[in-house]
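Work through the two exercises below with the structure at hand. Each solution goes step by step.

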2 protein chains.
Amino acid sequence: MPLSEFAIIKQYFQQSGLCADATHANIPLGIGDDCALLSVPAGQQMAVSMDVLVEGVHFPLKANPQLLAQRALAVNLSDLAAMGAKPLGFTLGLTLPSVDENWLADFSQGLRLSAHKYQCPLFGGNLTRGPLQICIQVHGLVPTGKALPRSGAKPGDAVYVSGTTGKAGLALDWLKGALPAATPSQINELEAAYYLPEPRLSLGEALRDIAHAAQDVSDGLLADLAHVALQSQVQIVVEAEAIPLAPVLLDCKTRAEALLLALTAGDDYELVFTASADKHEQIMASASAVNVPVTHIGSVLAGSGVLVLDAEGQAIQITHKGYDHFGVTT
Amino acid sequence: MPLSEFAIIKQYFQQSGLCADATHANIPLGIGDDCALLSVPAGQQMAVSMDVLVEGVHFPLKANPQLLAQRALAVNLSDLAAMGAKPLGFTLGLTLPSVDENWLADFSQGLRLSAHKYQCPLFGGNLTRGPLQICIQVHGLVPTGKALPRSGAKPGDAVYVSGTTGKAGLALDWLKGALPAATPSQINELEAAYYLPEPRLSLGEALRDIAHAAQDVSDGLLADLAHVALQSQVQIVVEAEAIPLAPVLLDCKTRAEALLLALTAGDDYELVFTASADKHEQIMASASAVNVPVTHIGSVLAGSGVLVLDAEGQAIQITHKGYDHFGVTT
C-alpha cells in the first residue's frame, strides 16, 4: 500500500541528522505546524535564497537521487556563501510523480548528508504529487551590514575567482554522452563536480570584512560577472590567461575549448568577488586560512559590461554567455 | 522574440506594488542578488510556510492566472494567520512551460493585488522552465512566544471555527461540471470561495493572547482538527448541529450532503482554534472587533482523535476525512 503524504514526511524527512531538533537555538518550531518559527539573534540579518530544480531541465531524467539531493542543497548554500552568510536551515517543496520508496530513501539520505555537513537542517516545506521538481529555500545569518552584495564592486578593485570553473560544464558533456573517451577517474571527477559542488561557505564568511562584491558562478563566469558589472555600474576586465583551468579540462579539450568552458559554463558554484587591489595579501591569506584556492583574474574599471582580454591585451569575443531558462539572452 | 528569464522578472515581477521597495524597513535587500536580506525586529520571531501548487493537482488546467495567483498567495497567508503572524513578504518559485505574456501579465497582476492587499511584497525567488508549478514561501512576524501552535489545545477548551467551511469543496464540484443547476450568483460565490479565500490574518493576530491552539482548514475541518488533537494529545468532540452551513451549500445540496462538505472538504482556509471555555465572551468580542464571524462547534477532552456527535449525542461515522496528495489516509 503506498504511503500517505504524512507518513512519507515522517518516515523519510523527520529524521535525526536531517531535521532541526527541538533544542535548536534559532529554530524554536520546525516541521509539523502551520508555520515554522525562526529566531534571529540581535545584530544579525537573515539571508534567504530559493531555487527550483526541474527534472529534464536542471538535472537528467533518472538522476541518482542521493547525488541529486546533495547537489540541490549545495547549489542553494552557494547563494548563502556568496552573501557571506552562515547556514541556518532550509525548507523543501518536493513534487513527486509517485511514491517510490527506494528513491525517497536515497534522496532523503543525500539531504541528510548535506544538511549534516553544512549544519543546515530541514525545518519545513511541502510534499505533493506532480512532475518531479525540487524547490529549496535556504536561510542563513549574517551580521547586519556585512552581507556581500553584487552591487558593491568599485573601480580599482581586483577580481578573484575561487577554485576552477568549467568542470560542471564538461560533466554535462559527459552526461549527454558527448565525451566518449573519458577515463574512469575523469568520470569520477566530473560527476563530483556536477553533483557535489562545494558551496564556498567558509570563504564567503572569511570575505565579509574584505570583499566589496561577491556572486556565485551558476550561469557561467562571464554571465555572472556581467551581473556584478551591471549592478555595480562598473566595467569588469578579465584576463583570459589568468583564468585557472582544471587539468581535467585540458586533458579532455583543447586549450581554447577549455577556456571557453571556464568562461561560459555554469553550475560550478565557485565564488567570484572583488576587493580593493591593496587588499591582495589579505585576500590570499584569508582564502588560504580556509583552504580555498583563489585566483586574481581581472580588475574593475569605470564603465560597463565585461571585457575579456587575451595575452596581448586584445579583446576576445565570447559568444556563449551563459544559460537562460527561456533560451534567449537579452 | 520570447523574453529572457531576466527580462520576464524585470517586466512582470519587479514592479511597484508587487515587489518590496528599497525603503522597506524589514527587507533591506530584495530581488536581484544571490540572497534577499530580512531584518527581524527585537522581540519578534519569523514565521515561515511553503506551499507548492501543481497544475492539474491543486488547480484546474487553464485556470484564470489572475485568480490563481491571488489564491496561491492567500492560501500561504492563511498559514501565517493560523500562527497569529503578520505578513512580512514572500518568495516565489515559478516554473512555466513557455513564455506566455498574457498569462504572465494576468498572473503578476493577481499577485500584485494580493501582495498590496495583505501588505506582503515579493522579495525573491526563482523563475524556470518546466511543467507549471507555483511554489510560494510566506514570511511573517509574531511576538516571541505568542505564536499559536497546533499543540496547545487543552482539555476543557472550547473549539471554534471562523466563517463557514465546505464552499470551496462545492466549488470544486462546480469546476468539475458536477453542479449543472447552479445559478450565476451561486457560481460567483463558489468561484470566490475557491479562488479568493480570505486569509484570516486579523483574526489570527487578535487570537494571539487568547487562543491555545489554531490551524487553518486546508485539508478539511475534521482532518485538520485531527492534526490539532494528535499534536495536542487530546480528544476533540465536534457537535454536528453546531457546524455553520453556508446558505449556498443548503441551496445546492441536501442538509446531510452540506454537512459532509462542511466537515470534510478542504480549501476554505478558515481558522479552527481552541481557547479556555471561560474566554468565550472575549473570543466573541475579539472576533467581532475584526469583523470575522466565529462559531463555537465543540470541546476538547482528555483522550485522542476527533469525534462528531449528532443532535442526540450519538457519534456519527464520517468516511471521507480529507485530502491526501498520495491518495491514502493513514
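**Exercise 1: contact between domains**

The domain assignment, automatic or from a database, divides chain A into domain 1 (5-143) and domain 2 (150-316). The model is predicted: local features need pLDDT of at least 70 and side-chain atom pairs pLDDT 80 or more, while totals for chains, interfaces and linings use all residues. Residues are numbered from 1 along each chain as written, with chains lettered from A and ligands numbered from 1 in written order.

Task: describe the side of domain 1 of chain A that touches domain 2 of chain A.

Solution.
1. The centres of the two domains of chain A, taken over C-alpha atoms, are 27 Å apart.
2. The contact (C-beta atoms, placed from the backbone, within 7 Å) takes 17 residues from domain 1 and 18 residues from domain 2 of chain A.
3. On the domain 1 side, H2 and E3 of chain A each supply at least two residues; H2(A) gives the most, with 12 residues.
4. Helices (H or I, at least four residues) and strands (E, at least two) are DSSP runs numbered from the N terminus.

**Exercise 2: contact between chains**

Task: which element gives the largest share of the side of chain A that touches chain B, and with which strand of chain B does E2(A) pair?

Solution.
1. In the contact between the chains, 61 residues belong to chain A and 62 residues to chain B.
2. The largest share of the chain A side, nine residues, comes from E2(A).
3. E2(A) pairs with strand E1 (residues 36-38) of chain B in the antiparallel sense over three bridges; pairing requires at least two bridges found by DSSP.
4. Met46(A) has Leu38(B) as its bridge partner in E1(B).

Notes:
Contact = placed C-beta atoms within 7 Å.
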